[in-house]
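Here are some exercises to work through with the model open beside you. Try each task before reading its solution.

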Amino acid sequence: MEQKEPNPQFPLSAYSAEFTVDESMIDRNHHVNNVVLVQWMQNVSTQHASSLGGMKMMNDWGCAMVVRTHDIDFKAQAFLGDVIRCTTWVNEFGKASSVRCYKFVRPSDNKEILYAETSWAFLDLKTGTPTRIPQEFKA
């Protein structure tokens, strides 16, 4: 998959958070379980949306963003005690969808751990159907 950089059309779209690998995240292969990395994708997405007021807007409108697809490149392993910087940004908006990108890096050696893209659908929670994303949500 060709990696994308934050889209200058959405200047507030880049957001980063750091997570530290603890014992509960290590699998039988002695590295972070891939499920943990997917959970971090969800966490950093929610944190990003909250920081911009998006979670409140969706609650007020009775809407939610739901995952349609994940495309994930697992590039390197993370280990116990590693700090991982998880950066996410919205790369594009459609009428009722968006594409969010993720890049996870271990700052201690600048090693890229993961690059991913998620296609999200904007749903009306009452009907369960896609609905147009309001402009103020895209700003």
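**Exercise 1. A serine in its surroundings**

In which strand is Ser98 found? Then decide whether Ser98 is buried or exposed, and list its contacts beyond four places in sequence.

*Solution.* Keep in mind that this is a predicted model. Step one: Ser98 belongs to strand β4. Step two: its relative accessibility is 5%, and the cut-off for buried is under 20%, so Ser98 counts as buried. Step three: leaving aside neighbours within four places in sequence, Ser98 is in contact with Met65, Val90, Glu92, Phe93, Thr118, Ser119 and Trp120.

**Exercise 2. The core and an aromatic pair**

Find which residues touch the most other members of the largest nonpolar core, then describe how Trp40 and Phe104 pair.

*Solution.* Start with the core, which has 26 residues; Trp40, Ile84, Tyr102 and Phe104 touch the most other members. At least two residues of this core come from each of β1, α1, α2, β2, β3, β4 and β5.

Now turn to the rings. There are five aromatic pairs in the structure. In one of them, Trp40 and Phe104 have ring centres 6.4 Å apart and planes at 45 degrees. Stacked needs under 30 degrees and edge-to-face over 60, so this pair is tilted. Trp40 sits in helix α1 and Phe104 in strand β4, so the pair links parts of the chain 64 residues apart. Both rings are out of the solvent by the accessibility criterion: Trp40 is buried at 3%, and Phe104 is buried at 0%. With Phe19, Trp40 and Phe104 make up one aromatic cluster.

Finally, look around Phe104: its contacts beyond four places in sequence include Leu37, Met41, Ile84, Cys86 and Ile113.

**Exercise 3. Looking for disulfides**

How many disulfides are there, and why does Cys101 not bond to Cys86?

*Solution.* A disulfide is a covalent bond between the sulfur atoms of two cysteines. Take Cys101, which is buried at 0% relative accessibility. The closest cysteine sulfur to its own is that of Cys86, 14 Å away, which is too far for a bond. The cut-off is 2.5 Å, and by that rule the count of disulfides is zero.

**Exercise 4. Tracing salt bridges**

Work out which residues the salt bridges of Arg106 join into one network, and describe the bridge between Asp60 and Lys56.

*Solution.* Side chains of opposite charge can pair when their charged atoms come close. The whole structure holds four salt bridges.

First, Asp60 and Lys56: their closest N and O atoms are 2.8 Å apart. Both lie in helix α2, four residues apart, or about one turn of the helix. Asp60 is exposed at 53%, and Lys56 is exposed at 55%.

Next, Arg106 meets Asp82 in a salt bridge at 3.0 Å, N to O. Arg106 is in strand β4 and Asp82 in the loop between β2 and β3, so the pair ties together parts 24 residues apart in sequence. Here Arg106 is buried at 9%, and Asp82 is buried at 15%.

Then add Asp109, which forms a salt bridge with Arg106 at 3.1 Å. Sharing partners, the bridges join Asp82, Arg106 and Asp109 into one network.

To finish, place Asp109: it is in the loop between β4 and β5 and is partly exposed at 45%. Its side chain also reaches the backbone nitrogen of Lys111 at 3.0 Å.

Terms used. Residues numbered from 1 in each chain as written. Predicted model: local features only at pLDDT ≥ 70, side-chain atom pairs only at ≥ 80, totals over all residues. Heavy atoms only, no water. Buried < 20%, exposed > 50% of the residue type's maximum accessible area, 1.4 Å probe, protein only. Polar contact = N/O pair within 3.5 Å; in protein donor to acceptor, adjacent residues only side chain to side chain. Contact = heavy atoms within 4.5 Å. Core = buried A, V, L, I, M, F, W, Y, C linked by side-chain atoms within 4.5 Å. Phe/Tyr/Trp six-rings, centres within 6.5 Å; stacked < 30°, edge-to-face > 60°. Salt bridge = Lys/Arg side-chain N within 4 Å of Asp/Glu carboxyl O.
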